[in-house]
Amino acid sequence: MAKIEQHRGLVLLVSGGVSATGFAPLSLWPLTLISLALLMHLVAKAESGKRAFLLGWIFGVGHFCIGNNWIATAFTYQAAMPAWLGWIAVFLLALYLAVYPALACWGAWRLAKAVGSKAVTLPFIFAFAGCWIVAEWLRSWVFTGFAWNPVSAAFPAQMLEPPLIRLVGTYGASGIMVAVAGVALLLLSSPTKSSPDWRAAFAPKLALLALAIVLFTSGWIGSTSTIPAKTTRLTIVQPNISQIDKYAPGYEAVNFSRLAQHSQPENTAPRLLLWPEAAIPWRLEDGYPARAYQFQPGESAEGTRLLLAGLMNRGDVLLTGVDRLEFDQNRQLVGARNSVTAMDGAGKLLAHYDKAHLVPYGEYLALRWLLEPLGATRLVPGTIDFWPGPGPRTLTLPFDGRRIKVGMQICYEMIFSGQVTDRANRPDFIFNPSNDAWFGSWGPPQHLAQARLRAIEEGLPVVRSTPTGISAVIDADGRIVKYLPLGKAGRIDATLPEAREPTLFARFGNALPIGLAALFIAFALMPLARHRTSR
């Protein structure tokens, strides 16, 4: 340990990178626990709050550089910028995101100092877990947020029981996993001058570990019953259109043929036909200037809708990703919206949803006035920025003689815990069309893991359709019912899993993990309260 403490900066940089191997696709989650335990050990011994902050920041740089390496792949599809700039972007983003684990380390150190703790003790563990929850929650919304890969996403389903996620959400589960890492370190540590009697210290440690095990395995915490529903048939299409081909000139017909090939009805039963984000480059709405319909079927919205209707039964409903356009009063194009449009089998438009949580530098160029003169551009082709929609919405659609409620979350929106449904109009399921073709082999399985967490938190099935994978049907317990792997063209024919009654998290959202963080911090400060009482 002496050598580790002597070179703790380098050790934590490497350890942070190792901790990210717990996420998909490697899923080496024991290394995440070990890395977190090492971080806690070194932070507890830090000489000052500034040193604790720096140690957490160094750990975070390694963690986010490895965990977000898939972002670099996106730059290889943007000809306007050099591919090597992707790795610069990953590193710069890591420098910023590392601030959040740094804040957690600083907060834990300050709280531990307040109670006189200078090692990994129960108060320090509680403080660290509480501060970690707050830090992940802050990361989800500050500067529009980047909530990718909370710590809990690294752990397998058998460790994170659905009842736990339903009770305290993703960020709360992250805090509990941090606490487990600390308890494991405490149980394996040797007695010190501050805690020489191992037997006296063993009982509370074991009690905390037992509490963690109960939280992971109990089947009754936050449990809910399922809601019987009519059978809803699904056809999810994965055309395996690469990002290179997606926007290539002249490829519209080829790409559409791949969608059409896997969309034909097998019988006359009504179904929801689900296509990926930005599945077609054509306009489905009337009213645009004539130039907006060039090079699409019939050179009109009606002609395009009739083409799509030819793939459907009369009772089918299609939900497809499409760009909607915004024109000013002079009929000049000023913006676009990343949308999903619903259309019935007769070619009638039923509803649309506009993506609200846009990807900075992907769908719009923040600080355009500064960056555009320097040669920067957004990753999605084009110069017009996307405009955000109003937030989570439920589309109520006529289907099979009834009304079906579809919650909409396009791509990146799905990673934001507590922000994926309209709580005033709870859907029957969440549709998550996405385009993960940008993100190499690491991004798609990580995205899928986070979609599974949303299903558990909300008690709702999640259905994903992507161009290249991983498309999937996920039940309300986060289990993958059917899926198509990366790089495979095909379709998923399935029935929609049943939803559960609203979970506690679905009712109260991130108030629950923040409440858990406050409880952890209160436990951490209990020795201080006892000390003041005894005076």
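**Exercise 1. Aromatic contacts**

In this predicted model, Trp 70, Trp 148 and Phe 439 form one aromatic cluster. Classify the ring pairs Tyr 96 with Phe 143 and Phe 146 with Tyr 412, and state where in the chain the partners lie.

*Solution.* Begin with the total, which is 16 aromatic pairs in the structure. For Tyr 96 and Phe 143, the ring centres are 6.1 Å apart and the planes stand at 55 degrees, so the pair is tilted, given that planes under 30 degrees apart count as stacked and those over 60 as edge-to-face. Next, place the partners: Tyr 96 belongs to helix α6 (residues 85-97), while Phe 143 sits in the loop between α8 (122-139) and α9 (162-188), and the pair thereby links parts of the chain that are 47 residues apart. With a relative accessibility of 28%, Tyr 96 is partly exposed, whereas Phe 143, at 68%, is exposed.

Now turn to Phe 146 and Tyr 412, whose ring centres are 6.3 Å apart and whose planes stand at 35 degrees, so this pair is tilted. Phe 146 lies in the loop between α8 and α9, and Tyr 412 in the loop between β7 (402-408) and β8 (429-433), so the pair ties together parts 266 residues apart in sequence. As a last step, note that Phe 146 and Tyr 412 are both buried.

**Exercise 2. Salt bridges and their surroundings**

Determine which parts of the chain are joined by the salt bridges of Asp 477 with Arg 166, Asp 354 with Arg 324 and Asp 436 with Arg 464, and decide whether the partners are buried or exposed.

*Solution.* The structure holds 16 salt bridges. One of them brings together the side chains of Asp 477 and Arg 166, with an N to O distance of 2.3 Å. Asp 477 is in the loop between β10 and β11 and Arg 166 is in helix α9, so that the bridge spans 311 residues of the chain. Both Asp 477 and Arg 166 are buried, and they also belong to a network of salt bridges that links Arg 166, Asp 475, Asp 477, Arg 479 and Arg 500.

In the bridge between Asp 354 and Arg 324, the closest N and O atoms are 2.8 Å apart. Asp 354 is in strand β5 (residues 349-354) and Arg 324 in strand β3 (residues 317-327), 30 residues apart. To judge burial, apply the cut-off of under 20% relative accessible area: Asp 354, at 9%, is buried, and Arg 324, at 12%, is buried.

For Asp 436 and Arg 464, the closest N and O atoms are 3.2 Å apart. Asp 436 lies in the loop between β8 and α15 (443-458) and Arg 464 in strand β9 (residues 462-465), so the bridge ties together parts 28 residues apart in sequence. Asp 436 is buried at 1% relative accessible area, and Arg 464 is buried at 0%.

**Exercise 3. The six-stranded sheet**

Work out the strand order of the open sheet of 6 strands and identify its edge strands.

*Solution.* The order is β6-β7-β8-β9-β10-β11, with mixed pairing. The edge strands are β6 (393-399) and β11 (480-484), each of which pairs on one side only. From one strand to the next, the twist averages 25 degrees. At the β11 edge, strand β10 (residues 471-474) pairs with β11 in the antiparallel sense over 4 bridges, and Ala 472 stands opposite Tyr 483 in β11.

Conventions. Residues numbered from 1 in each chain as written. Predicted model: local features only at pLDDT ≥ 70, side-chain atom pairs only at ≥ 80, totals over all residues. Heavy atoms only, no water. Phe/Tyr/Trp six-rings, centres within 6.5 Å; stacked < 30°, edge-to-face > 60°. Helix = DSSP H or I, 4+ residues; strand = E, 2+ residues; numbered from the N terminus. Buried < 20%, exposed > 50% of the residue type's maximum accessible area, 1.4 Å probe, protein only. Pairing = 2+ DSSP bridges. Axes fitted to C-alpha atoms, helices over the stretch in contact; angles between N-to-C directions. Salt bridge = Lys/Arg side-chain N within 4 Å of Asp/Glu carboxyl O.
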